[in-house]
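I opened this model to look up helix packing, sheets and enclosed space. My notes follow in the order I took them.

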Amino acid sequence: MEQVDTVILGAGAAGLFCAGSILRQAGERAGRIVVLDHARAPGEKIRISGGGRCNFTNLATGLDRFVSGNPRFAASALAGFTPGDFVALVDRAGIAWHEKTLGQLFCDGSARQVIDMLLHRMRGAELRLGTAVAGVERAGDGFVVSTPGGPLAARRVVVATGGKSIPKMGATGIGYDIAARFGLALAEPRAGLVPLTFAQQDLDLCRPLAGLSVAAEVSHGAGRRRTRFRDGLLFTHRGLSGPAILQISSFWRPGEEIAVDLAPDADVAAALREIRGQGGRMAVASALTRWLPARLAEAIAAEAGLAGARLADQGNATLDRLGARMNRWALRPVGTEGWRTAEVTVGGVDTRALDSRSMQVKSVPGLYFIGEVVDVTGWLGGYNFQWAWASAHAAARAIAAG
């Protein structure tokens, strides 16, 4: 049986970074490292991220930017490897980058530069692509990893297989299967950062507006549990998408409502009364274009039975209803577009099973889970890559110290 020191399952962001970090921290003590992936190319999610420019981290990284059953779990790993630490690697690799809004950092050039950097860092490890893993079993103080080319005996196994999002890129649920094999609990995996779908009454408005994008604030929950995002909202043939919707999808559960504010900086009802007093001959739809594109303004006026109606002819009660529709549009999605278009997986291996400093399974020494397979999910905007780097670094540091 082939003998190795560490097997890393998954050649995505977390797996590649972990391999390189073990080598950089342990040197010759790292021993033999093998990275396995069933895909034909490494780092496929990196390649397509950020429109091909890779949103590789976010300067605003903090615990409040992650969804988890245990919000404090990620603190140690994130403190141990910061966005600045990854930027330093990017700078040393000579990769030019720029900051967009909200602290998002992107390559000036191709995302392929980040993949190349990760591959360069892990020189000395073996990368075996097109190699599916059938399973992992405990064997004495180590493990046996089953592959089509024969079993590998390893002292340590790092599971960096990702979640179920974007199956066309090769995503599977094998990481969850391995966790179950070792008796670990799962927080139910579900599609995150994904467009929401709606019933027919809402689609009657959305479909004719497909392709139209507006700025909006989308919220979920109430009181202290209320979550809100202000960003772009996109109408689609199946419902709503855009950054604000993708963000809220990670918090939404079936049966729950979301609220959309199409004019987050205005009290629309009060403003319409003021406009009515200044120029009542104006059409209702024309008044709404102060905040909305003409197509959407006309659609909302028509939905309210005010197509072609003059603002001067509307009473306060009508304007209040129209204002509520603009500032507090209550919607109940029927679902999401699912794994096919989800950017991440929410949920995963229950963090209570893991040591937060090392990502090692508490009950199974030598077994580690890192990256998206763990129940830690970042907001849109580079946070999930930062979690991949940080959790991989934490595991690598523990392995190197051992």
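**Second pocket, then the rest**

I began with the lining of the second largest pocket, which divides into 7 nonpolar, 9 polar and 9 charged residues. I am reading a predicted model here. The volume of this pocket is about 550 Å³. I counted its lining at 25 residues, with V67, S68, R190, R225 and R253 nearest the centre. Which strands each supply at least two residues of that lining? I found β4 (66-67), β11 (186-192) and β19 (344-349). The top contributor is β11, with 3 residues.

**Cavity**

Next I checked for closed space. I found 1 cavity of 30 Å³ or more in the structure. The largest cavity holds about 40 Å³. I listed its lining as L63, F66, S68, N70, P71, A74 and V376. By class I noted 5 nonpolar and 2 polar residues there, and no charged ones. S68 caught my eye: it lines this cavity and is also among the residues nearest the centre of the second largest pocket.

**Helix α1 and its partners**

I then turned to helix α1 (residues 13-26) and looked up its packing against helix α5 (residues 112-121). Their axes come within 8 Å and cross at roughly 35°. Is this crossing left-handed or right-handed? I noted it as left-handed. On the α1 side I listed L16, F17, G20, S21, L23 and R24. They meet L118, L119, H120 and R121 of α5. I sorted this contact into 5 nonpolar, 3 polar and 2 charged residues.

I looked at α13 (residues 383-401) as another partner of α1. The two helices pack at about 35°, with axes 8 Å apart. Here α1 passes α13 in a right-handed crossing. From α1, the contact takes in A13, A14, F17, C18, S21, I22, Q25 and A26. From α13, I noted residues including F385, W389, H393, R397 and I399. The class count is 14 nonpolar, 3 polar and 1 charged. F17 and S21 of α1 appear in the contact with α5 and again in the contact with α13.

**Three-stranded sheet**

I moved on to the sheets. One is open, with 3 strands in the order β3-β6-β5 and antiparallel pairing. Which strands stand at its edges? I noted β3 (55-58) and β5 (97-99), each pairing on one side only. Neighbouring strands of this sheet are turned by 25° against each other on average, direction ignored. I followed β3 against strand β6 (residues 104-107): they pair in the antiparallel sense over 3 bridges. For N58, I found Q104 as the bridge partner in β6.

**Seven-stranded sheet**

I also traced an open sheet of 7 strands, ordered β17-β16-β13-β14-β15-β12-β18, with antiparallel pairing. Why do β17 (329-331) and β18 (335-336) each have a side without a neighbour in the sheet? They stand at the edges and each has a single partner strand, so one side of each is left free of a neighbour. Inside the order, I checked strand β14 (residues 227-235) against strand β15 (residues 239-241): the pair is antiparallel, over 2 bridges. L234 stands opposite S241 of β15.

My last entry is on helix α12 (residues 316-327), which lies across β16 (258-261) and β17. I noted its direction as about 110° to β16.

Definitions and conventions. Residues are numbered from 1 along each chain as its sequence is written. This is a predicted model: local features need pLDDT of at least 70, side-chain atom pairs count only at pLDDT 80 or more; totals for chains, interfaces and linings use all residues. Side-chain values use heavy atoms; hydrogens and water are left out. Axes are lines fitted to C-alpha atoms, for helices over the stretch in contact, and angles run from 0 to 180 degrees between N-to-C directions. Helices (H or I, at least four residues) and strands (E, at least two) are DSSP runs, numbered from the N terminus. A crossing is left-handed if the near helix is turned anticlockwise from the far one by less than a right angle, and right-handed if clockwise. Contact means heavy atoms within 4.5 Å. Ala, Val, Leu, Ile, Met, Phe, Trp, Tyr, Cys and Pro count as nonpolar, Asp, Glu, Lys and Arg as charged, and the others, Gly among them, as polar. On a 1 Å grid over the protein atoms alone, a cavity is a set of points where a 1.4 Å probe fits but cannot get out, and a pocket is an open set with protein on both sides within 12 Å along at least five of seven lines; lining residues have an atom within 4 Å of a point. Grid points are joined across faces, edges and corners, and a volume is the space filled by probe spheres set on the points. Two strands pair if DSSP finds at least two bridges between them.
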